[in-house]
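Please look through the model shown here with some patience, and keep the sequence at hand while reading. The report is meant to be followed residue by residue.

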Amino acid sequence: MASGERDVSEVALKGASAPAAASASRAAVLRRLRLTDSIFHGLTRGASLAVLALLSGVIIALIYGAAPALGTFGFGFLFDESWNPVTERFGALAPIFGTLVTSFIAMLIAVPVGLMVAFFLTELCPMMLRRPIGIAIELLAGIPSIIYGIWGLFVFAPFMQQYVQPLFIDTFANVPVLSTLFAGPPYGIGMFTAGLILAIMVLPFVTSISRDVFDAVPPVLKEAAYGVGCTTWEVFRYVVLPFTRVGVIGGFMLGLGRALGETMAVTFVIGNAHHISASLFAPGTTISASIANEFTEAVGDLYTSALVALGLILFFITFCVLAIARYMLMRLQQQGGK
Amino acid sequence: MAITASKTAAMDSPLYAGRRRRNAVAKGLAFAATIFGLGWLVLILGVLLYKGIGGLSLSVFMENTPPPGAAGGLLNAIVGSLIMTILAVLIGTPIGILAGTYLAEYGRHDKLSSVVRFINDILLSAPSIVIGLFVYEILVAPMGHFSGWAGAVALAVIVIPVVVRTTEDMLSLVPDTLREAAASIGLPRAHMIVRIAYRAAQAGIVTGILLAVARISGETAPLLFTALNNQFFSLNMGAPMPSLPVVIFQFALSPYAEWQKLAWTGALLITVTVLGLSILARSLTSARKS
């Protein structure tokens with residue numbers, strides 16, 4: 001284990017005592033060291049190139065798999081609502097619609113709640129409780145999505161069906177727009193329930209990133225604001241938030257990326273129906289849920305290929321969202337570094 | 001005197017009262033939001049414990065998944081999950097650590113590193129179902145059948161970015177003076193990294209691996225069409241292999257009460273494992289910090 005160190009010290013000692021005899025072995029040792037060093041350098045470089053290859057591999061494999069479907073349907077694939085395995089006519093509009101709507105519902109709830117939790121954790125919470133509460137919320141982020149799924153199917157969806165959805169339907173029955181949004185029989189499962197479960201899943205992400213970002217605000221800024229008589233809320237609203245805006249938006253985008261690609265939690269409660277409905281209570285589908293539900297049962301190359309094409313679309317959307325998120329978080333880091 | 005008078009006047013002014021009211025409302029909302037967020041954690045874990053613990057018995061670990069309507073356990077699924085998780089870590093960790101080393105040591109500021117860093121962050125949060133599709137295209141479709149190998153590779157693809165990220169972060173925390181001291185006694189760079197930097201960052205790197213294991217032990221989507229599932233006990237990596245998450249998925253959506261009960265028990269096992277691993281990982285790093 002310590003052979004390298006011994007080599008180096010031996011070389012040094014020998015070099016001091018017997019220069020002529022040592023010079024040959026010294027050169028040999030040095031050559032060996034240089035060789036291991038360059039091998040190690042090459043290995044690490046190769047591994048980081050492998051990470052690059054991995055992402056390119058994902059893109060190439062998806063494009064290759066999606067090619068038959070995209071070749072058959074062309075750009076119309078994106079705007080076609082029909083999904084008929086029997087006649088082999090496929091369109092991505094319904095899953096794309098479902099993905100966007102459920103993620104939108106999730107962000108609508110998770111963003112304000114997450115921000116307020118982060119506000120509580122950084123400004124209001126007693127020091128003693130900060131760490132435990134922060135850890136608890138991060139643990140929520142670690143629970144696998146299948147747990148949210150099974151909980152959503154057996155506990156949350158029945159609850160929605162019995163109590164929440166009838167209440168919404170009755171309350172908004174005579175309000176113009178809302179009556180269409182919350183219409184139809186209360187199935188329990190559907191877009192609305194899926195969006196709510198996604199909100200619970202995304203909440204810890206938004207919270208923990210916002211908290212980290214808020215913690216990075218220089219105390220001097222906050223102290224100055226308190227010094228001129230600002231209230232806690234005003235310090236947060238007019239000093240902390242503007243200072244961290246870029247980072248907070250980056251955090252939202254990360255959460256959005258997770259909501260868009262989330263599979264299991266949604267698959268359990270979305271209902272897997274390939275049609276677009278104005279009512280949020282109607283069953284729908286998302287890109288990831290369609291793939292999870294149908295891929296192993298897909299017969300025929302075109303069917304499989306259409307599902308891979310859905311995956312390609314999902315990857316493209318999340319890639320854009322995540323790239324924006326990383327760019328924004330990077331900008332905040334640079335701003336902090338100045 | 002005059003100052004106090006003006007001060008009380010200011011305090012009573014509607015503007016000041018309004019600001020104070022807004023402050024109180026915002027604080028109340030923040031408190032409510034925290035209770036709301038923590039409420040879900042308690043609720044989900046509570047239900048899981050309540051529903052899962054009833055089915056917990058020795059037979060869960062001793063018997064294979066049953067046919068519909070019969071009693072049984074989860075042995076084949078647990079073993080399948082263990083095998084694929086271990087393999088995924090064995091494949092993913094070396095690549096991850098080496099790539100992380102490059103980012104933190106050799107190529108700290110070069111162009112390649114910033115690209116790899118960016119790509120790695122994308123991979124880190126890429127939808128796991130897309131990873132499943134990728135492995136299906138490169139392994140399952142050419143081989144013509146689902147296999148445990150494909151499942152392990154899909155999980156390894158998820159392990160790599162997690163390990164790259166934590167390895168780089170942890171190596172960056174190692175003070176440069178240590179590196180300089182090593183260089184000054186003539187230690188080559190590779191030896192410096194392996195003997196000094198790795199040793200200093202050991203706990204952090206182990207934490208990263210544990211977090212990666214926690215992440216993949218609950219992953220379902222990438223296994224659905226790589227390892228698929230298997231009703232029977234199987235150690236054959238070339239054949240479809242059962243795993244705990246996929247079995248939960250299948251059993252939960254089935255109409256049979258026994259299967260649903262097993263699904264809850266499996267869900268409890270996974271959650272306990274994942275939470276245990278994350279707490280262990282956390283305590284490793286916090287012990288080092290203090």
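What follows goes from confidence to cavities, and then to single residues and aromatic rings.

**Confidence**

The model is predicted, and for chain A the average pLDDT is 87, with 93% of the residues scoring at least 70. Within chain A, confidence is lowest in helix H1 (residues 3–17), where the mean is 50, whereas helix H3 (residues 93–124) has the highest, at 93. Over residues 1–5 of chain A the pLDDT is below 50, and this stretch has 6 contacts in the model beyond near neighbours in sequence.

**Cavities**

The structure holds 3 cavities of 30 Å³ or more, and the largest has a volume of about 50 Å³. Among the residues that line the largest cavity are B:Ser81, B:Met84, B:Thr85, B:Leu155 and B:Glu219. Helix H4 (75–106) and helix H9 (189–217) of chain B each supply at least two residues of this lining, and H4(B) gives the most, with 3 residues. Sorted by class, the lining of the largest cavity has 5 nonpolar, 4 polar and 1 charged residues.

The second largest cavity has a volume of about 40 Å³, and its lining consists of B:Leu123, B:Ala126, B:Ile131, B:Val157, B:Ile158, B:Pro161 and B:Arg215. Helix H7 (residues 148–173) of chain B provides the largest share of that lining, 3 residues. Here the classes are 6 nonpolar, no polar and 1 charged residues.

**Two residues and their contacts**

A:Tyr303 is found in helix H12 (residues 301–337) of chain A, and it counts as buried because its relative accessibility is 9%, under the 20% cut-off. Leaving aside neighbours within four places in sequence, A:Tyr303 is in contact with A:Trp83, A:Pro85, A:Phe90, A:Glu294 and A:Ala298. By contrast, the C-alpha atoms of A:Tyr303 and A:Gly190, which are 113 residues apart along the chain, are separated by 24 Å.

In the other chain, B:Thr34 lies in helix H2 (residues 14–53) of chain B. B:Thr34 is buried, with a relative accessible area of 2%. Which residues does B:Thr34 contact, leaving aside its neighbours within four places in sequence? They are A:Val117, A:Phe120 and A:Ile133.

**Aromatic rings**

Over all chains, the count comes to 33 aromatic pairs, and two of them are set out below.

| Pair | Arrangement | Centre to centre | Angle between planes |
|---|---|---|---|
| A:Trp151 and B:Trp40 | edge-to-face | 5.8 Å | 80° |
| A:Phe168 and A:Phe192 | tilted | 5.7 Å | 55° |

The pair of A:Trp151 and B:Trp40 joins two chains, because A:Trp151 lies in helix H5 (residues 145–171) of chain A and B:Trp40 in helix H2 of chain B. A:Trp151 counts as buried at 2% relative accessibility, and B:Trp40 also counts as buried, at 16%. Both residues belong to one aromatic cluster, which A:Trp151, A:Phe156, A:Phe159, A:Tyr163, B:Phe36 and B:Trp40 form together.

The pair of A:Phe168 and A:Phe192 links distant parts of the chain, with A:Phe168 in helix H5 of chain A and A:Phe192 in helix H7 (residues 191–215) of chain A, 24 residues apart. A:Phe168 is partly exposed, with a relative accessible area of 23%, whereas A:Phe192 is buried, with a relative accessible area of 10%.

Note on methods
Residues are numbered from 1 along each chain as its sequence is written. Chains are lettered from A and ligands numbered from 1 in the order in which they are written. This is a predicted model: local features need pLDDT of at least 70, side-chain atom pairs count only at pLDDT 80 or more; totals for chains, interfaces and linings use all residues. Side-chain values use heavy atoms; hydrogens and water are left out. pLDDT is the predictor's confidence in each residue, from 0 to 100. Helices (H or I, at least four residues) and strands (E, at least two) are DSSP runs, numbered from the N terminus. Contact means heavy atoms within 4.5 Å. Buried means under 20% relative accessible area, exposed over 50%, partly exposed in between (1.4 Å probe, protein chains only). On a 1 Å grid over the protein atoms alone, a cavity is a set of points where a 1.4 Å probe fits but cannot get out, and a pocket is an open set with protein on both sides within 12 Å along at least five of seven lines; lining residues have an atom within 4 Å of a point. Grid points are joined across faces, edges and corners, and a volume is the space filled by probe spheres set on the points. Ala, Val, Leu, Ile, Met, Phe, Trp, Tyr, Cys and Pro count as nonpolar, Asp, Glu, Lys and Arg as charged, and the others, Gly among them, as polar. Rings of Phe, Tyr and Trp (its six-membered ring) pair if their centres lie within 6.5 Å; planes under 30 degrees apart count as stacked, over 60 as edge-to-face and the rest as tilted.
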